[in-house]
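Visitor: I'm new to this one, so could you walk me through it slowly?
Guide: Gladly; here it is.

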Amino acid sequence: MTDTDVVLEVRDLAKSYPVRRGVVFKREVGTVRAVDGVSLTLRRGKTLGLVGESGSGKSTLAKLLVGVEKPTRGQILVDGVDVSELGRADRRRLRSTLQMVFQDPYTSLNPRMSVGEIVGEAYAIHPDVTPPGGRDKAVRELLDRVGLNPDHVNRYPHQFSGGQRQRIGIARALAVRPRILICDEPVSALDVSIQGQVVNLLEELQDDLGLSYLFIAHDLSVVRHIADEVAVMYLGRIVEAGGDAEVYDRTSHPYTRALMSAVPVPDPTRREDRAIVLEGDMPSPSDPPSGCHFHTRCWLAPTVADPSSGETRPDGARIPSVCRHDSPKLAPQESPDHLAACHFALDAPRR
Ligand code: ADP
């Protein structure tokens with residue numbers, strides 16, 4: 001692949017929020033590093049799956065990409081152009097190439113607007129992209145495109161099912177003819193039977209329109225179906241990234257291996273890591289652990305610790321000092337495009 005295949009690139013992107021306390025006078029008492037130095041690449045016509053537990057920074061990353069939040073640090077490049085270097089008009093035009101599909105089709109659609117108004121609203125914001133045939137015709141075509149009856153254009157969101165509402169959300173995102181969709185947990189609020197239909201629709205649209213997707217989910221099994229490449233996020237950082245075959249079949253990072261062990265597979269003998277239970281919740285991003293952020297929950301570190309030199313965790317497990325003190329960089333695993341940020345993943349035996 002050449003660099004022209006890259007439609008979206010994120011370099012060392014970070015977003016911190018101040019933590020304030022106090023009833024009347026709010027004092028700043030710390031910082032939440034919601035996104036902490038993320039680099040990613042999205043290719044034309046491909047899907048990058050972004051996976052991680054709730055609170056790992058996925059939605060904040062999505063908001064940075066669509067311009068709802070401003071980064072504290074780092075760059076966002078669309079077609080190789082740094083968004084921050086553009087004037088307002090150019091930035092707005094560029095933004096229309098990037099649209100978002102939201103998680104909850106119940107709350108993301110204005111209940112007082114008809115479907116036609118919801119889908120057609122984008123043409124008021126970006127009049128330059130209104131198709132020659134006019135707004136009404138375009139809206140009807142979009143509804144048809146996403147599998148809804150165009151004659152239902154005057155209905156309101158409550159008259160549709162959850163899956164149909166998500167189709168409305170997709171039609172709204174498509175109105176301005178974007179090239180990139182940021183899908184933030186687009187099927188998480190839907191019944192399992194409906195999830196597949198929406199994923200299939202997204203795949204069809206990708207094939208027909210050449211769209212690129214950043215597909216965010218907390219569930220590895222949903223991402224597996226649609227993603228060409230996968231990135232796993234923990235406490236604001238990417239801990240593993242690579243092609244879907246590498247991340248799923250040659251999983252490296254102990255965090256990803258724990259997530260994988262929770263994924264049901266039809267053939268249990270193929271499941272490498274059975275039931276790795278991660279102890280406790282994810283630590284707060286306002287007070288992340290030192291060194292490797294994952295060391296407080298890591299199940300691999302205690303297995304490689306030298307009993308004479310390791311340090312004892314509150315749960316009694318001994319872990320190598322390097323995990324406590326040095327933040328591991330993303331490094332190539334068995335193949336150069338498969339990266340993991342772990343001091344021991346490459347040498348660790350598969351269970
Ligand atoms: P995810 O989408 O993976 O669940 P989020 O991006 O929503 O994660 O949140 C990452 C962290 O950033 C969380 O600890 C969350 O509480 C914090 N956070 C997100 N938005 C804000 C905000 N506006 N102000 C303060 N903290 C925030």
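Visitor: Which residues surround the ligand?
Guide: The ligand has around it Tyr 17, Val 32, Ala 34, Glu 53, Ser 54, Gly 55, Ser 56, Gly 57, Lys 58, Ser 59, Thr 60 and Pro 285, where a residue counts if one of its heavy atoms lies within 4 Å of the molecule. Residues are numbered from 1 along each chain as its sequence is written. The model is predicted, with local features needing pLDDT of at least 70, side-chain atom pairs counting only at pLDDT 80 or more and totals for chains, interfaces and linings using all residues, while side-chain values use heavy atoms and leave out hydrogens and water.

Visitor: How does that shell divide into nonpolar, polar and charged?
Guide: There are four nonpolar, six polar and two charged residues in the shell around the ligand, with Ala, Val, Leu, Ile, Met, Phe, Trp, Tyr, Cys and Pro taken as nonpolar, Asp, Glu, Lys and Arg as charged, and the others, Gly among them, as polar.

Visitor: And which element gives the most to the shell?
Guide: That is α1, with three residues; α1 (58–66) and β2 (27–43) each supply at least two. Helices (H or I, at least four residues) and strands (E, at least two) are DSSP runs, numbered from the N terminus.

Visitor: What lies 2.8 Å from an oxygen atom of the ligand?
Guide: A polar side-chain atom of Lys 58 does, and an N or O atom in the side chain of Thr 60 is 2.5 Å from a ligand oxygen. A polar backbone atom of Gly 57 is 3.0 Å from an oxygen atom of the ligand.

Visitor: How much of the ligand does the protein bury?
Guide: The protein buries 65% of the 560 Å² that the ligand exposes when taken alone, with areas from the Shrake-Rupley method and a 1.4 Å probe.

Visitor: Switching to helices, how do α3 and α4 cross?
Guide: The axes of α3 (residues 115–125) and α4 (residues 135–145) come within 9 Å and cross at roughly 115°, the axes being lines fitted to C-alpha atoms over the stretch in contact, with angles from 0 to 180 degrees between N-to-C directions. The two are therefore roughly perpendicular, since angles under 35 degrees count as roughly parallel, over 145 as roughly antiparallel, 65 to 115 as roughly perpendicular and the rest as oblique.

Visitor: What about α3 and α5?
Guide: Their axes are 7 Å apart at an angle of about 30°, which makes α3 roughly parallel to α5.

Key. A polar contact is a pair of N or O atoms within 3.5 Å; within protein, one must be able to donate a hydrogen and the other to accept it, and residues adjacent in sequence count only if both atoms are side-chain atoms.
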